[in-house]
Amino acid sequence: MESESRKLLLLAPILLCLCCFLAISAAEPYIGVNYGEVADNLPSPDATVRLLKSTAISKVRLYGVDAGVIRALAGTGISLVVGVANGEIPAIAADPAAAAGWLAGNVLPFIPASAISVVAVGNEVLESGDAALAAALLPAMQNLRAAAVAAGDGAAAAIKFSTVNTMAVLAQSDPPSTGAFRAEVAAQLQQILGFLSRTGAPFMVNPYPYFAYQSDPRPDTLAFCLFQPNAGRVDAGSRIRYTNMFDAQVDAVKSALGRAGYGGVDIVVAETGWPTKGDPTEAGANVDNARAYVSNLVAHLRSGAGTPLMPGKPVDTYLFALYDEDLKPGPASERSFGLYHTDLTMAYDAGLTTTTSGGGGAATPSNGAGASVQPKGGSGWCVASAGATDAQLQTDMDYACSQVGVDCAAIQPGGACFQPNTVRAHAAYAMNQLYQAAGGHPWNCDFRQSATLTSSNPSYGSCVFTGGQ
């Protein structure tokens, strides 16, 4: 008995370490969220932190400095981006003492207990039309960086200083290989990029496929924006076929950075999301499309595929936003980007919850009327629907076979599922492969209604369809 007790005592630290590892690994280092506070009904900071800890979210971006939220996040391992308001930039730029004072009041009291990793100096300054404010941006970043280094605190010196831009900072983004910054901000950006490169800070940008769809509300554009099966769009310059708008927008930024001589500067997606509702004139703003975009984006990040110009590494991405913000002005969509309601219930399942199995994979878009177009069920196999045409199935098969985790070798000549050599048979195999790889949720088997779920095993001979009850 003494020997067994000793073994258990020796095993306990190992089990404790394993539990710590599992708790840490539940959060994913590339998934963050924006915590906007233009609302009068937000949960308490402690309740928000409990919610965050139940998810895969590992980063939070604040638009300013909220001491209550920052303190509540102390010791959680969730990293923070805090913001310098646009109105504070001129004073900080003009006086190093003002920069030191801002840091002393808004950062130094909270570190290292709270993991402040980035200070975003201003929000969308270069696109504001305020030339004086834009001119003050780099001096403010430099003064804050100098104050952080001079503070004599290792945690302060490790903080990166950047600024957040919209896609409007680009003069051109389509196709991605032609990405270039606007001439009117190029000179200032060149200096800012030099600062980011020297200090190891990221270029922060807000790509929104939702707004791209607003300007081109065609069904094939919606599929492209929602990571849905589509024919893809070939970049005539690079000859790369893009299958989703997110990658295309991020790679346009990558091209612009390279064209400016700073291709080595990391890109951070500071905002991206999709609203759950909008005004009648706001096409595609509904909960089904929001779930489709965000859950598919999360699955894309988890795949580790990266983008065509940055393969093999997910881009750090801050989803917009944690909660709806009921006091924001503008169209209804501006108040409707929340992943969660302020009563802490999910607006939709984006596959972020770590305490239960979440959604993810190829979620389906709405039919435009707010109704989900999903087959029934949640297990079994995904096969071609009876009404699907060969043209539809060919597009869906090409899409499925291009996705990470999908192996279509079995439907190649000589493969176990090559015969019968028909588009329908091959498409069924490919769509089932993607359905299983994406998590086997009902929304993973729709393919714009060209697929359906079945409880009858479609395997035959040596051709095996994975899945089942």
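Is Cys225 buried or exposed, and what is its relative accessible area? Hold that thought for a moment while I say hello and introduce today's structure. What you have in front of you is a predicted model, so please keep that in mind as we go.

Now, back to Cys225. Its relative accessible area is 0%, so this residue is buried. In the protein chain as a whole, buried residues make up 51% of the 469 residues.

Let me give you the overall picture. The protein chain has 14 helices and 16 strands. If you take the contacts between residues at least 6 apart in sequence, 71% of them join residues at least 24 apart. As for the outside, the accessible surface comes to about 19400 Å², and carbon and sulfur atoms account for 57% of that.

Next, the disulfides. How many does the structure hold? There are three. Let's walk through them.

We start with Cys382 and Cys445, whose sulfur atoms sit 2.1 Å apart. This pair links distant parts of the chain, 63 residues apart: Cys382 is in strand E15, residues 381–384, while Cys445 is in the loop between helix H14 (423–437) and strand E16 (451–454). The torsion about their S-S bond is about 85 degrees, so this disulfide is right-handed. Both cysteines are buried.

Then we come to Cys401 and Cys408, joined with an S to S distance of 2.0 Å. Here the angle about the S-S bond is -95 degrees, and the link is left-handed. Are the two partners buried or partly exposed? Cys401 has 28% relative accessibility, and because buried means under 20%, Cys401 counts as partly exposed. Cys408, at 8%, falls under that cut-off and so counts as buried.

That leaves Cys417 and Cys463, with sulfur atoms 1.9 Å apart. Cys417 lies in the loop between helix H13 (390–401) and H14, and Cys463 in the segment after E16, so this disulfide ties together parts that are 46 residues apart in sequence. The torsion here is about 105 degrees, which makes the link right-handed. Cys417 is buried with a relative accessible area of 2%, and Cys463 is buried too, at 0%.

So how do the pairs fit together along the chain? Number the bonded cysteines in sequence order, and the pairing reads 1-5, 2-3, 4-6. You can trace that pattern on the structure yourselves.

Thanks for listening, everyone!

Key: Residues are numbered from 1 along each chain as its sequence is written. This is a predicted model: local features need pLDDT of at least 70, side-chain atom pairs count only at pLDDT 80 or more; totals for chains, interfaces and linings use all residues. Side-chain values use heavy atoms; hydrogens and water are left out. Helices (H or I, at least four residues) and strands (E, at least two) are DSSP runs, numbered from the N terminus. Buried means under 20% relative accessible area, exposed over 50%, partly exposed in between (1.4 Å probe, protein chains only). Contact means heavy atoms within 4.5 Å. Accessible areas come from the Shrake-Rupley method with a 1.4 Å probe; for residues, only the protein chains shown count as cover. A disulfide is a pair of cysteine sulfur atoms within 2.5 Å.
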